[in-house]
Amino acid sequence: MSELPADLRNDEVIRSLASAQATTWIRSTPTEAALPDLADVMDAAAARFDRFAPWFAETFPDTAALPAELAEAFPEAAAGGLIESPLARAASAQERLDGLFGVSLPGQLWLKRDDCLPVSGSIKARGGFHEVLEFAEATAAGHGLDAHDPATYSSGRFREIAADHRIVVGSTGNLGLSIGILSARLGFAASVHMSADAREWKKTMLRDHGVDVIEHAGDFVEAVEAGRASADAAENTHFVDDEDSVSLFAGYSVAALRLRRQIEAAGIRVDADNQLAVYLPCGIGGGPGGVTFGLRRVFGDHVRCIFVEPSQAPAMFLGVHTGRHSDIAVQDIGVSGATTADGLAVARPSRFIGPTIGPLISGFASVPDEVIAAGVGVLHESEGIDVEPSATAGLSIPWRLGTESPWPKVSTHLVWLTGGAMVPVDEQTAYVAAGTANLERIAGPASAVFTD
Ligand SMILES: *Cc1c(COP(=O)(O)O)cnc(C)c1O
């Protein structure tokens with residue numbers, strides 16, 4: 001442990017993170033935290049998605065009909081164009097995990113299926129799409145077009161204007177996919193700066209959409225820096241800043257308004273005696289941060305949000321626990337930042353999320369890559385659901401918290417599955433094979449659990 005900064009050397013949570021073992025930190029304090037002043041941007045984002053629904057329905061045939069699983073919760077969206085995912089009970093996975101852990105989980109396991117969000121197949125369809133739509137509206141309005149009329153975005157005049165504008169982003173993969181695909185469909189030029197850990201197929205898919213892909217040998221931070229630098233100097237160029245974006249955040253937060261409707265439609269009670277725990281895979285923190293803000297706004301103290309990261313990349317965990325946020329990186333405590341969960345390969349957290357949303361987060365957990373990989377196998381075997389590894393980060397946490405639950409009134413455990421639908425079949429087959437071969441690894445080794 002001699003490599004730890006002197007002032008962190010005696011912190012047992014940091015020592016556990018530095019050893020890269022599974023670590024869980026339960027916070028007792030944040031329940032009374034006040035909401036930051038972001039309700040307006042959340043409502044504006046919800047309205048923006050509503051305005052664009054006719055454009056989505058027309059542009060992406062996959063969204064033209066409302067999926068049957070969403071019909072009850074969203075009757076007004078029958079005309080299509082809703083970017084939303086199902087909420088699904090996972091009784092078989094719960095039974096399988098009860099068996100693997102030798103512990104019977106009190107309450108019910110549910111899954112939020114953002115792995116099958118339309119068009120880009122990951123939670124990035126929430127934040128990434130929103131920022132592109134917001135830029136499209138600003139561009140249309142700036143050129144005297146009717147920004148609130150969905151027909152504007154299919155017009156020749158808008159496409160002419162859009163072709164003269166560029167959207168730039170740095171990404172480990174999924175953010176690039178969501179931004180690139182939507183930008184290209186609106187007629188914008190798009191550049192995606194990708195880190196070394198980005199999957200090859202994501203680059204190929206983007207190039208097939210006409211997006212410029214710039215590959216970097218370094219990590220995510222380097223890709224973001226390069227994107228920012230290229231956008232700084234350029235005219236008519238919008239940089240999507242995953243380290244600091246309110247627009248991404250606002251798009252993610254809308255998920256909570258949708259989830260409330262789905263929870264009601266499913267007949268799930270959420271109140272003081274029937275609390276909701278939500279397990280969110282975390283990279284830079286924007287996705288889970290936006291969702292957490294929205295959920296705390298909608299459900300108040302009756303929801304507990306737990307951020308889950310790979311044990312080699314616990315960036316948000318470290319930033320919030322030390323209070324240093326983006327001023328500390330995981331390498332500062334001697335872990336690598338490298339993980340097979342490519343969507344979560346982030347070494348330094350968002351500048352915005354920790355300081356703003358940190359007090360609303362009820363717990364953090366880190367899990368080794370082998371636990372994440374095994375999660376793919378568990379979901380495949382028990383539910384017939386295939387997701388990318390990042391998406392399963394939270395799956396084991398309800399059981400890892402142990403039988404002495406810190407929140408005895410939680411009756412619904414919601415594991416957010418964050419990505420998967422776009423993964424090519426051969427890659428998915430390899431993930432499933434790796435996961436099912438070592439299925440039992442999901443249950444071990446035990447997590448070190450800390451409470452404050
Ligand atoms: C991006 C991503 C996350 C986490 O979102 P952040 O905003 O990076 O914290 C989780 N899962 C998947 C599959 C992702 O692509």
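Is G187 buried or exposed? G187 counts as buried, because its relative accessibility is 17% and the limit for a buried residue is under 20%. In the chain, G187 sits in the loop that joins α7 (174–186) to β5 (189–194). Apart from neighbours within four places in sequence, the residues in contact with G187 are R159, A162 and A163. A78 is 109 residues away from G187 along the chain, and 27 Å separates the C-alpha atoms of the two.

The model is a predicted one, and a view of the whole protein helps to place such details. Its secondary structure consists of 16 helices and 12 strands. The protein is as compact as a globular protein of its length, because its radius of gyration is 21 Å and the globule rule gives a close value, 22 Å, for 452 residues. Measured out along the principal axes, the box filled by the C-alpha atoms is roughly 60 × 50 × 45 Å.

Of the 452 residues in the protein, 61% are buried. Among contacts with a separation of 6 or more, 75% are between residues 24 or more positions apart. The accessible surface amounts to about 15,900 Å², and carbon and sulfur atoms account for 49% of that area. As for charge, there are 33 positive and 59 negative side chains. The centres of these two sets are 2 Å apart.

One part of the chain carries a domain annotation. An unreviewed UniProt entry places the feature "domain: Tryptophan synthase beta chain-like PALP" at residues 105–398. Over this stretch, helix makes up 43% of the chain and strand 16%. The C-alpha atoms at the two ends of the stretch lie 7 Å from each other.

The record also marks a single position, K124. In the unreviewed UniProt entry, K124 is covered by the annotation "modified residue: N6-(pyridoxal phosphate)lysine". K124 is part of helix α5. With a relative accessibility of 15%, K124 counts as buried. What does K124 touch, leaving aside its neighbours within four places in sequence? The residues in contact with K124 are F129, N174, L175, S178 and Y252.

The backbone comes next. Most residues other than glycine have a negative phi, and most peptide bonds are trans. V119 has a positive phi, near 75°, although V119 is a residue other than glycine. The loop that holds V119 runs between β3 (108–113) and α5 (124–142). V119 is buried, and its relative accessible area is 15%.

H325 also has a positive phi, near 45°. This residue is in the loop between α12 (315–322) and α13 (353–357). H325 is buried, since its relative accessible area is 17% and buried means under 20%.

A cis peptide bond links G444 to P445, and its omega is near -10°. P445 lies in the loop between α16 (425–437) and β12 (448–451).

Two further residues show how parts of the chain that are far apart in sequence meet. P368 is found in the loop between β10 (363–367) and α14 (369–383). Its relative accessibility is 15%, and P368 counts as buried. Not counting residues up to four places away in sequence, P368 touches A22 and S311. P368 and A22 are 346 residues apart along the chain, yet their C-alpha atoms are separated by 6.3 Å.

V41 belongs to helix α2, which covers residues 39–59. Is V41 buried, partly exposed or exposed? V41 counts as partly exposed, because its relative accessibility is 30% and partly exposed covers values between the buried limit of under 20% and the exposed limit of over 50%. Not counting residues up to four places away in sequence, V41 touches V246 and A250. V246 is 205 residues from V41 along the chain, and their C-alpha atoms are 8.0 Å apart.

How values were computed: Residues numbered from 1 in each chain as written. Predicted model: local features only at pLDDT ≥ 70, side-chain atom pairs only at ≥ 80, totals over all residues. Heavy atoms only, no water. Helix = DSSP H or I, 4+ residues; strand = E, 2+ residues; numbered from the N terminus. Rg over C-alpha atoms; globule rule 2.2 N^0.38 Å. Buried < 20%, exposed > 50% of the residue type's maximum accessible area, 1.4 Å probe, protein only. Contact = heavy atoms within 4.5 Å. Areas by Shrake-Rupley, 256 points an atom, 1.4 Å probe, with all protein chains shown as cover. Lys, Arg positive; Asp, Glu negative; His and termini not counted. Charge placed at Lys NZ, Arg CZ, Asp CG, Glu CD. UniProt positions renumbered as here; feature names shortened; annotations may be inferred.
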